[in-house]
Amino acid sequence: MENKPTSSPTSFVDQSVVPGDVVLDLSNMTNQTLKLGGGLRQDCDAISVMKAGKLRFSNPNKYWVESSQKRYVPHAGDSVLGIVVDSKADNFLVDIKGPGLAFLPVLAFEGGTRRNIPKFEIGTLLYVRVVKANPGMNPELSCTDASGKAAEFGQLKDGYMFESSTGLSRMLLSSPTCPVLDALGKKLSFETAVGLNGRVWVNASSPSTVIVVANAIMNSESLSGVQQRIMVEKLIQNLKLST
Amino acid sequence: MEEAAAAEVVVVVTPGEVLGKASQVRAGRGAYVAPHNNLVYASLTGFRRTLSPPPNSPDQRPTVEVTGHKAHGAVPEPGSVVIARVTRVTARMASADIMCVGPKSVREKFTGSIRQQDVRATEIDKVDMHLSFRPGDIIRAVVLSLGDARAYYLSTAKNELGVVSVESTAGETMVPISWTEMQCPLTGQIEQRKVAKVGG
């Protein structure tokens, strides 16, 4: 519980922290206005960690903990891949790997009216945006962006969907493009949809391409950039040898 | 089984027992008149009491009523003010367990639901239920009607109705700072609720 005697805030940044670590002491800091992101909480003067992960800092005063899990906690504004579980009069019930089912209103589509309600069967894969995610209530989804346009949201047809961790999803969505997608994109042609809930969908013209892309992505979470490129080279060589 | 002769003899009756003819007695609490044969039947289990009619009313029939052999807990009636604890909040309504009716606490569980249009009196279609109630809040509401089979309909559409007591995530009772906001005294976090105007 004691801080190091020379406690400077940078001592914990970019390091792995576990729940219970006191990472900042407000009484020692000059700038006392902080923005705390996920995974941190304030106990009077001490900022302690709630979630295991890496502590990150961004100027001027934002701190948060980044971690990678298989569970997804819904937040408003996230784009996720959901699977339709049931359909009611006003909503589709969609599973987004969260604590409860999410509601997708039947009118939440571009140009959606009561007369052209889409008919999604049970098991349909959808790329949707989380509109509201309040604790204790079921999340609300939408197939339009904030301005009402369709913007790539909707049903994902064909292709292959696999599940992995939330950290991998964030890595795939980071900019500049992450090395594995960059290397794959130079040699193969495919399309992907990445959900922040740990689900990734891949589609290509031939099944072997889909398999290579999916395997490359699944193996890439713990590899560094260079290792990712080497792995992709090997996989593509095997692909070319076999065709 | 047949009607007693004098007013003071108390007899235990059960639902369905005949208490008299509608032409001779009036149905009070716990009794009702069956329209097809104009007989007064008991609807509750309890003691049968007969009340003499007020002297200058045109209808001089005595009133027969059935009161419980143990004291009833309070039952919500339309128009009564209740204290309830919110159990569930969805986009359109909030469910609450009614704990007190007026000053008395209830003996058995009653469920109330507050619909989106009954949360406040102004701008009722722009109400965000999550910014009005959360599960665990204690609210003061008025009963609108008996509602449906599952729950009474409650309303908080007045200044003195709404959230009365809330516990923050830090465990402290929050302090109201306006009619839409409450603040935790320990951490200073502000949360939005439909706050009841208490006092003066």
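This short talk walks through a predicted model, beginning with chain A as a whole and ending with the nonpolar core in chain B.

Let me start with the overall description of chain A, which has four helices and 16 strands, and whose C-alpha trace spans about 60 × 50 × 25 Å along its principal axes. Of the 243 residues in this chain, 40% are buried, and the chain exposes about 13400 Å², with carbon and sulfur atoms supplying 52% of that area. If we take the contacts in chain A between residues at least 6 apart in sequence, 60% of them join residues at least 24 apart. As for charge, chain A carries 25 positive and 22 negative charges, and the mean positions of these two sets are 3 Å apart.

Two annotated regions come from the UniProt record, both from an unreviewed entry, and I would like to set each beside its computed geometry. The record lists "domain: Exosome complex exonuclease Rrp40 N-terminal" for residues 34-71 of chain A; in the model that span is 0% helix and 55% strand, and its end C-alpha atoms lie 28 Å apart. The record also places "domain: K Homology" at residues 159-207 of chain A, a span that is 37% helix and 31% strand, with its end C-alpha atoms 9 Å apart.

Turning now to helix α1 of chain A, residues 166-173, we can ask why it is described as largely enclosed by the rest of the structure. The reason is that six of its eight residues are buried, namely Thr166(A), Gly167(A), Leu168(A), Ser169(A), Met171(A) and Leu172(A). These buried residues pack against three helices of chain A, α2 (179-187), α3 (207-219) and α4 (225-242), and also against strands β15 and β16 (199-204).

Strand β15, which covers residues 190-194 of chain A, contains Ala193(A), and this residue counts as buried because its relative accessibility is 9%, where the cut-off for buried is under 20%. Setting aside residues up to four places away in sequence, Ala193(A) touches Leu81(A), Leu156(A), Arg199(A), Val200(A) and Trp201(A). Thr144(A), by comparison, is 49 residues from Ala193(A) along the chain, and the two C-alpha atoms are separated by 16 Å.

In chain B, I would begin with the largest nonpolar core, and ask which of its 28 residues touch the most other members. They are Ile98(B), Ile114(B), Phe133(B), Ile139(B) and Leu154(B). At least two residues of this core are supplied by each of the strands β8 (81-89), β9 (93-101), β10 (104-115), β11 (138-145) and β12 (152-155) of chain B. Looking at Ile114(B) in particular, and again not counting residues up to four places away in sequence, we find that its contacts include Phe133(B), Ile139(B) and Leu154(B), together with Met93(B), Val119(B) and Met129(B), and that Arg92(B) and Thr156(B) are also among them.

My last residue is Pro76(B), which sits in the loop between β7 (63-67) and β8 of chain B. Is this loop residue buried or exposed? With a relative accessibility of 1%, Pro76(B) counts as buried, and, leaving aside neighbours within four places in sequence, it is in contact with Val82(B), Ile98(B), Val101(B), Phe110(B), Val143(B), Leu146(B) and Tyr152(B). Finally, Pro76(B) and Ala121(B) are 45 residues apart in sequence, and their C-alpha atoms are 22 Å apart in space.

Key
Residues are numbered from 1 along each chain as its sequence is written. Chains are lettered from A and ligands numbered from 1 in the order in which they are written. This is a predicted model: local features need pLDDT of at least 70, side-chain atom pairs count only at pLDDT 80 or more; totals for chains, interfaces and linings use all residues. Side-chain values use heavy atoms; hydrogens and water are left out. Buried means under 20% relative accessible area, exposed over 50%, partly exposed in between (1.4 Å probe, protein chains only). Contact means heavy atoms within 4.5 Å. Accessible areas come from the Shrake-Rupley method with a 1.4 Å probe; for residues, only the protein chains shown count as cover. Lys and Arg count as positive and Asp and Glu as negative; His and the chain ends are not counted. The place of a charge is taken as NZ of Lys, CZ of Arg, CG of Asp or CD of Glu. UniProt positions are given in the numbering used here, feature names are shortened, and annotations may be inferred rather than shown by experiment. A nonpolar core is a set of buried Ala, Val, Leu, Ile, Met, Phe, Trp, Tyr and Cys residues joined through side-chain atoms within 4.5 Å.
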